[in-house]
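This briefing goes through the pockets, salt bridges, nonpolar cores and a few single residues of one chain. Please read it with the structure open.

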Amino acid sequence: MTALTPIFTPHWLAELDLGYARLGQATRPVRRRHNGPLRVQKHLYPEGPEVCQHIVVHPPGGIAGGDRLAIHAEVGHGAWAQLTSPGAAKWYRAASPAHQTLDLRVQAGATLEWLPQETIVYAGAQPELRTCIDLEGDARLFYWDIVALGRPACAERFDCGRLRAALDIRRDGQLLWHERQAIEGGDRLLDSPIGLAGQPVFGTLIVTGTLDTDVLDACRDLKTPVRGDLTQLPGLVVARCLAGETLEARAWMIALWQRLRPALLGREALAPRIWST
């Protein structure tokens, strides 16, 4: 007897649609729709009513082959939204790709902080990540992304699988940042000095604005075990790092955020409590 081939493969299809508006002196969530296992917890105001903090939650805890996640967030004129996550996003070994799409829009006079915790790409995983950020007028952005290939804590190397990532940032339709990543498990690029130099963790931080030289120098002088640096581009400050552990990369990113946020966004940095749990 020949076994039947399954015609249904379990996977998650999840969408989250968020909107924020400035109402008086406060930022309020005015749109919060979800489909599938993506949602936000109760909106928080640890800094006062001007900044609305949301924690994006994916209850299954990991992303496997066939899963598709889509997040759309729009910050209205004059509003300030800070989005983070309760823990690492884990992309599991799979026989087929899994997808995540981020569509972030920030209107004139508004501020968006996209500060998720790290992404862990297991050996054999096949994530395909696409991020599009559209800024209008003088909109401000603070963005970071930390990726661990394999699981450094248990000595798992990223010896198979692949990672595809795309990031585009535009202001009034004009491209400010265009990046494509294609990393194959076991590729020589992982150990090459012109690649990841044997470091399993890498991070990118991008914030709008122009830094004073003394602040830029102070950020470069941070004592840290990561290999990292900052670059001032027209209208953008970009920071990159390589690290042996996610905790090292995250600590460096937070230290930069604590210095860059007041310098470029005009508000002291108060770390979300979820980062300490």
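In what follows, Ala, Val, Leu, Ile, Met, Phe, Trp, Tyr, Cys and Pro count as nonpolar, Asp, Glu, Lys and Arg as charged, and the others, Gly among them, as polar. On that basis, the lining of the largest pocket divides into 21 nonpolar, eleven polar and four charged residues. The model is predicted. The structure holds 16 salt bridges, and its largest nonpolar core has 48 residues.

**Pockets**

- The volume of the largest pocket is about 640 Å³. Its lining is made up of 36 residues, and Ala-89, Gln-100, Trp-114, Pro-116 and Thr-119 are the closest to the pocket centre.
- For the second largest pocket, the volume is about 280 Å³.
- There are 13 residues in the lining of the second largest pocket, and those nearest its centre are Gly-195, Leu-196, Phe-202, Arg-240 and Leu-242. Strands β14 (174-184), β15 (201-208) and β17 (236-243) are the elements that each give two or more residues to this lining.
- Sorted by class, the lining of the second largest pocket has six nonpolar, four polar and three charged residues.

**Salt bridges**

- Side chains of opposite charge can pair when their charged atoms come close.
- One such pair is Arg-33 with Asp-17, where the closest N and O atoms are 2.8 Å apart. Arg-33 belongs to strand β2 (residues 26-35) and Asp-17 to strand β1 (residues 13-23), and the two are 16 residues apart.
- Asp-17 has a relative accessible area of 16% and is therefore buried, the limit being under 20%.
- Asp-103 and Arg-105 form a salt bridge through their side chains, at 3.6 Å from N to O. Arg-105 is partly exposed, with a relative accessible area of 34%.
- A further salt bridge joins the side chains of Arg-250 and Glu-118, at 3.8 Å from N to O. Because Arg-250 sits in helix α2 (residues 246-265) and Glu-118 in the loop between β9 (111-115) and β10 (119-121), this pair ties together parts that are 132 residues apart in sequence. Both Arg-250 and Glu-118 are buried.
- Asp-17, Arg-31, Arg-33 and Glu-74 are joined into one network by salt bridges that share partners.

**Nonpolar cores**

- Which residues have the most contacts inside the largest nonpolar core? They are Val-75, Leu-112, Ile-133, Leu-149, Ile-169, Phe-202 and Ile-206.
- Not counting residues up to four places away in sequence, Val-75 touches Tyr-20, Trp-80, Ala-81, Arg-105, Val-106, Gln-107, Ala-110, Thr-111 and Leu-112.
- Another core, of 36 residues, lies apart from the largest one, and Val-237, Ala-249, Ala-255 and Leu-256 are among its members.
- Phe-202 appears both in the list of best-connected residues of the largest core and among the residues nearest the centre of the second largest pocket.

**Two buried residues**

- Ala-239 lies in strand β17. Its relative accessible area is 0%, so Ala-239 is buried.
- Leaving aside neighbours within four places in sequence, the contacts of Ala-239 are Gly-203, Thr-204, Leu-205, Asp-229, Leu-230, Trp-252 and Leu-256.
- Between Ala-239 and Arg-157, which are 82 residues apart along the chain, the C-alpha separation is 25 Å.
- His-58 is placed in the loop between β4 (52-57) and β5 (68-75). Is this loop residue, His-58, buried or exposed? His-58 is buried, with a relative accessible area of 16%.
- Beyond its neighbours within four places in sequence, His-58 is in contact with Pro-37, Leu-38, Ile-63 and Leu-69.

**Positive phi angles**

- Most residues other than glycine have a negative phi.
- Asp-172, although not a glycine, has a positive phi of about 50°. Asp-172 is found in the loop between β13 (162-171) and β14, and is exposed, with a relative accessible area of 56%.
- Ala-197 is also a residue other than glycine with a positive phi, near 55°. The loop between β14 and β15 holds Ala-197, which is partly exposed at a relative accessible area of 27%.

Terms used
Residues numbered from 1 in each chain as written. Predicted model: local features only at pLDDT ≥ 70, side-chain atom pairs only at ≥ 80, totals over all residues. Heavy atoms only, no water. 1 Å grid on protein atoms, 1.4 Å probe; cavity = no way out; pocket = protein on both sides within 12 Å on 5 of 7 lines; lining within 4 Å. Points joined across faces, edges and corners; volume = space filled by probe spheres on them. Helix = DSSP H or I, 4+ residues; strand = E, 2+ residues; numbered from the N terminus. Salt bridge = Lys/Arg side-chain N within 4 Å of Asp/Glu carboxyl O. Buried < 20%, exposed > 50% of the residue type's maximum accessible area, 1.4 Å probe, protein only. Core = buried A, V, L, I, M, F, W, Y, C linked by side-chain atoms within 4.5 Å. Contact = heavy atoms within 4.5 Å.
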